[in-house]
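The following exercises concern helix packing, nonpolar cores and backbone conformation. Please work through each task before reading its solution.

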Amino acid sequence: MRQGVHADRRMLRAAVLGAPGGPDAHDATAPAYHVVRGIVADASPYVLALETAAGRTNLTLAPDTGVWRGEDTDSTALRIGDDAVARLPAGSPVPDRIWAAFGRVTGVITAIDGDRTGARLEVDTGPPGVRPLLIPHRYADRIAVRHPRLRPGYLIDVIGAYTDRSGVLHGVRPATSQPPGPGDPGEPAGTGSAARGLVRQGGVTWYETTPGDDAHGLAYPAIDPATEAGAACDSAGRRPYLPYLSIGSEPGVRNDCTGLAARLPVLACAATAPLFNDRCLRCGTSPRGRLAELTPAAFVALGGELDDGCFNATVTVG
Amino acid sequence: MSGVPEILLAVRAAQLPVVCATLYFAAGAKLVTLPGASSGSALYDRSIVPGPALLLGTRWRRPAIYAVAGMEIVIASCLLLLPRGSADAARIAAGIVFATGTFVLIELRNQHPDAGCGCFGTLSRTPVGFRALGRSCALTVASLAMFGLPAPGLATLRTATPVYTAVALAELVLLVAIAPEVSAVLTSLARHEPCETARVPAQRTLRALHATAAWRAHRPLLTGDRPVDMWRELCWRYVVYPCVLDDRPARIVFAVRLGDRHPEVRAAVVDRATGEVRSRPPDPVPPAPPGRMDRMPG
């Protein structure tokens, strides 16, 4: 459906204003990745079978293929039913890295409770609503280093894994440092005159999509409030710190760490991005502000590591 | 020539219009600028509620802001209306409110250095600094300075002397001059909002479109009055209507340039089945050289 809206609007836009120019999808000097996302149908030390939207895909595994499933491990940790993203260097049939059962919760804590397994949180992640998050005792200290206040009203951004079948994400590592207060994060960077214009630098993160969904796209923080998803995205009268776009627009995203770039369609609203006025430290220190949240497939294709949470990026909206 | 005691009395009495005007305006600004709750989402609330309400739990923030606004109206009204015997009670109450407010702002500054004072609702988004704290202290002193005045509220207004009027006006001007809210509003007015980040309601775009020659030229083709799709990218809003051209179902897409009273509008008719562009009327103006705003994402 969204892909349909995207293609339709692109066609109508080209009809009335002509096809836009702009950089090619990929920087020719940088190696590109091929990304496969699907549900694990079978896993052995040598072969990984993924059920993708296009059917079953068999991937050969090498002994040095890295696997992340809540922690760095190997292919024996993969379970049938896991949601997995495999990254294949250009021209290689063998993935060099696989992320399995990954997830991420980003938003405002609305409730917290504890039991013998750990701290159980409810987090408002923006529409469509509240999501549960479990922080197991063994990871509590690691998360507390950068999220010291697990209290209602405070922000949280945690990467984790669906390591059991409960459907509740087990948080294993913080994706950023918690802002100090539950208050208004202030005017995000990007409002100053130096950050005007259609080319912005900052951090780009990823967001969880439906397991197995291999769409390449992004969620954008400034969707036109007058139309469709914008009403839910409108951050309550705040001045937008990025130019307005709509579902189906195609901003260019460049990973400043790898040099990889692509034009990605806007698929959703990034409701929580404006709340995090943080910097990405993946390679150097990015300017403040989250420019977009990528789908896992798009994030990995641009050279991002899902367990890292962000990369320094340049986003071109026009 | 008045003696010093009379001048001092006039200066103390002149605090009444200053304090009352501040209280009424603060209450009004809180009530007017606090947007209605949309979804009860914590995400929504945290981005709009400034001030000491942040020190409270999410569910108490809005009631607390309404309560403070109500209290400000009541105290200002008491200062004006209470008779001689009880007027001092209202003056003490005003002093206590401003003194407490000062301490709360200091606490807010410690806990949330980036939060605005919320004194005038969402107008007060500038982080609490010496100007907000100084104003709060000054109003505490002003309220207590009225203590013991012989004339109650409105009576002092009726017997205004030139000194009274001059002092009251000077203080009001000073309060406005040091208000961080005023600088913030002036800065945002002075800043020219680029069209790609300006808020433009969809209805305004439709009204502007319906007044154009391009709309009138295409109107006979339309098969429906309501747009089937509408979206925006940067400075253009696209509006799509169903139509029929040469007995074939098609769609008209209008691109309306935002931010102008008489916007530039372009239109194209696209075949519904094939996606082929069936007609593209000549642009009313020669195409401009590709500027920053004309580059579209795609």
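**Exercise 1.** Among contacts in chain A between residues at least 6 apart in sequence, what percentage joins residues at least 24 apart?

*Solution.* Step 1: contact means heavy atoms within 4.5 Å. Step 2: of the chain A contacts between residues at least 6 apart in sequence, 66% join residues at least 24 apart. Step 3: chain A has 4 helices and 19 strands, where helices (H or I, at least four residues) and strands (E, at least two) are DSSP runs numbered from the N terminus. Step 4: 57% of the 318 residues of chain A count as buried, that is, under 20% relative accessible area, with exposed over 50% and partly exposed in between (1.4 Å probe, protein chains only).

The model is predicted: local features need pLDDT of at least 70 and side-chain atom pairs count only at pLDDT 80 or more, while totals for chains, interfaces and linings use all residues. Residues are numbered from 1 along each chain as its sequence is written, chains are lettered from A and ligands numbered from 1 in the order in which they are written, and side-chain values use heavy atoms, leaving out hydrogens and water.

**Exercise 2.** Describe the largest nonpolar core.

*Solution.* Step 1: a nonpolar core is a set of buried Ala, Val, Leu, Ile, Met, Phe, Trp, Tyr and Cys residues joined through side-chain atoms within 4.5 Å. Step 2: the largest one has 48 residues, and V204(A), Y220(A), V253(A) and L294(A) have the most contacts inside it. Step 3: elements of chain A that each supply at least two residues of this core include β13 (199–206), β18 (290–294) and α4 (296–301). Step 4: α4(A) gives the largest share, 5 residues. Step 5: another core, of 22 residues, lies apart from this one and has A14(B), V18(B), L79(B) and F98(B) among its members.

**Exercise 3.** Classify the packing of α6(B) against α5(B) and against α2(B).

*Solution.* Step 1: two packed helices are described by the angle between their axes and the distance between the axes. Axes are lines fitted to C-alpha atoms, for helices over the stretch in contact, and angles run from 0 to 180 degrees between N-to-C directions. Angles under 35 degrees count as roughly parallel, over 145 as roughly antiparallel, 65 to 115 as roughly perpendicular and the rest as oblique.

Step 2: the axes of α5 (residues 84–111) of chain B and α6(B) come within 7 Å and cross at roughly 160°. The two helices are therefore roughly antiparallel. By class, their contact has 11 nonpolar, 6 polar and 2 charged residues; Ala, Val, Leu, Ile, Met, Phe, Trp, Tyr, Cys and Pro count as nonpolar, Asp, Glu, Lys and Arg as charged, and the others, Gly among them, as polar.

Step 3: the axes of α2 (residues 15–33) and α6 (residues 130–145) of chain B come within 9 Å and cross at roughly 130°, which means that α2(B) is oblique to α6(B). Q15(B), V19(B) and T22(B) of α2(B) meet L139(B), A142(B), S143(B) and A145(B) of α6(B). This contact has 4 nonpolar, 3 polar and no charged residues.

**Exercise 4.** Are A101(A) and D247(B) buried or exposed?

*Solution.* Step 1: most residues other than glycine have a negative phi. Phi is positive for A101(A), near 55°, and for D247(B), near 65°. Step 2: A101(A) sits in the loop between β7 (97–100) and β8 (102–115) of chain A and, at 4% relative accessibility, counts as buried. Step 3: D247(B) sits in the loop between β2 (236–245) and β3 of chain B and, at 74%, counts as exposed.
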